[in-house]
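Trainee: Could you take me through one part of this model slowly? I would like to see how a single helix sits among its neighbours.

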Amino acid sequence: MGKVISSDTAISLIRDKMTVGIGGFGGHSAPDELLLELAAHYSLHKTPRELNIVAGICPGDLTENGFGLSAIREEGLISSIYASHVGMPPAIGRAIAMNKIAGYTVPLGVFSQLLKSIASKRPGVFTKVGLNTFCDPRLEGCKINNLAAESGREVVSLFDIDGAEYLHYKPFKIDLCLLRGTYSDESGNISLEHESFYCEQASMAEAVHSCGGTVIVQVKDVLENGALDPRRVQIPAVIVDYVVKARAKNHPQCYDGGGFRPELVGEKRIPPDKIVPMPLGIRKVCGRRAAFEITEGDIVNLGIGMPSSVASVVNEEGLSDKVTFSIETGVFGGVSLQGVGHGAAVNPEAIIPIADNFDFYNGGGLDCAFLGLAEADAEGNVNVSKFGSRCTGPGGFIDISQNTRNLCFMGTFTSGSTECYAADGKLSIRESGGGMKFRRRVGQITFSGRHAWKTGQNVLYITERCVFKLTDKGLLLVEIAPGADLRKDILDKMEFVPIISEKLKIMDERIFRDKKMHFCFKRRKY
């Protein structure tokens, strides 16, 4: 077992200013034994300093002193972060906002494919994903704070290929990575069988190995050679340098506070009628309205936050067998988890690597996508990635929204403290949140309305009190909730005046009743 070392020995291999890849995805699969050891080592020795962190969806549990990258928050440890999403470890996001860490965020699909490019020594990723968004070098070029903008580092450039515009996301060297698996054998073969999904663990290991770097993997146990089913080995021993056995408390399946859940990885199945339905509230109202946009047989992506409510609604209505839900993590089927558990699903039908999943998405594999809505403006632009100095990053939002023909953005109509109640077929708005989400201009363009219109996408913006549709002239108000007042509850809560449809409809009253809707999906037209 020459590859098995202690966590402190593993961390001693990290030198100042190294570029270090971190595995995991939000609330899942972070190498916490190693991250906590890194934090303790730095606190005691003030080294390694000024690390350049590379991650996909930065692992974190949404708490200040919690797991994931929050563990390595001490000032001076991190110099820069190149990631897809930085919102799950709040301390890290705040350090970026305060210009203590240079921040660069890229679309998740681009990130996963860039790791493959680094692994195979290709010249980066050439793609249209990110055009006309903040990733475009004509706008912000993926630089999300002043420290990054002043660094002189260019991570993306604009190319013309046969008369068409493309973005080139540039490769770079990764010196070392801290990853996580389920089991290792004595040789260092790594299985991921109890991880909720695969993240980019294997791709990052391949990339680091190709760079001549050091691959370190945390596991919950080391088994004798021959004990692992080779079909479950995702990271072969030939690209693993060292293995660290973790303590159970530093190896949770998910940060949701529960233990191992076999129903997330196919070792157990929960009958659909035993999955507890969502209570009637704003999230369910939006999920129900969105579900009306599904055509029977659709392959549908569900984003983080409110979009995950759609799967719960569909399951409650007994229609789960008539649609296939997909999550950016590579999970197909089942009922997606919400909150810190996003990315996993109860009763998944298939789990594939993230990079393969985005190949499917980019090739037009999705029929429809339900994504979050933090801000929108008169042109139909959407922002989910940056608010003032606070940045979270796009995750897979840009890859998905630019490659799916039918889109539904979902969110509350206002931000802040809101008291809205659905009952007896109507919406009662007692107190509207003080923050306006429909702005004259969004704080950052994560989705371009003009780009979507030019490419022929069908786009809706769904809230609990109204629905908008994207047109060539901007947002068109097409539906209003029963019980909502057009002037007081909608127009007065916007920074711009939308176009109002001459055929303004009332949203289906079934959405606002505390019982099943008993609806059917739209039928596909051939």
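Mentor: Happy to! Let's begin with a word we will need: a residue is called buried when its relative accessible area is under 20%. Keep in mind, too, that this is a predicted model. Now look at helix 6, which spans residues 201–210. Helix 6 is mostly covered, with eight of its 10 residues buried. Those buried residues are Gln201, Ala202, Ser203, Met204, Ala205, Ala207, Val208 and Ser210.

What do the buried residues of helix 6 pack against? Their partners are helix 4 and several strands: strand 1 (19–22), strand 2 (51–54), strand 8 (176–180), strand 11 (214–219) and strand 13 (233–235). Just after helix 6 comes glycine 212, whose phi is positive, at about 80°.

Let's follow one of those partners, helix 4, a little further. Helix 4 (residues 108–119) also meets helix 9 (residues 354–362): their axes come within 9 Å and cross at roughly 120°. Angles of 65 to 115 degrees count as roughly perpendicular and those over 145 as roughly antiparallel, so helix 4 is oblique to helix 9. Their crossing is left-handed. On the helix 4 side, the contact is made by Leu108, Gly109, Ser112, Gln113 and Lys116. Helix 9 brings Ile354, Ala355, Phe358, Asp359 and Asn362 to the contact. Sorted by character, the residues of this contact are four nonpolar, four polar and two charged.

So, to trace the path once more: the buried residues of helix 6 pack against helix 4 among other elements, and helix 4 in turn crosses helix 9.

Methods: Residues are numbered from 1 along each chain as its sequence is written. This is a predicted model: local features need pLDDT of at least 70, side-chain atom pairs count only at pLDDT 80 or more; totals for chains, interfaces and linings use all residues. Side-chain values use heavy atoms; hydrogens and water are left out. Axes are lines fitted to C-alpha atoms, for helices over the stretch in contact, and angles run from 0 to 180 degrees between N-to-C directions. Helices (H or I, at least four residues) and strands (E, at least two) are DSSP runs, numbered from the N terminus. Angles under 35 degrees count as roughly parallel, over 145 as roughly antiparallel, 65 to 115 as roughly perpendicular and the rest as oblique. A crossing is left-handed if the near helix is turned anticlockwise from the far one by less than a right angle, and right-handed if clockwise. Contact means heavy atoms within 4.5 Å. Ala, Val, Leu, Ile, Met, Phe, Trp, Tyr, Cys and Pro count as nonpolar, Asp, Glu, Lys and Arg as charged, and the others, Gly among them, as polar. Buried means under 20% relative accessible area, exposed over 50%, partly exposed in between (1.4 Å probe, protein chains only).
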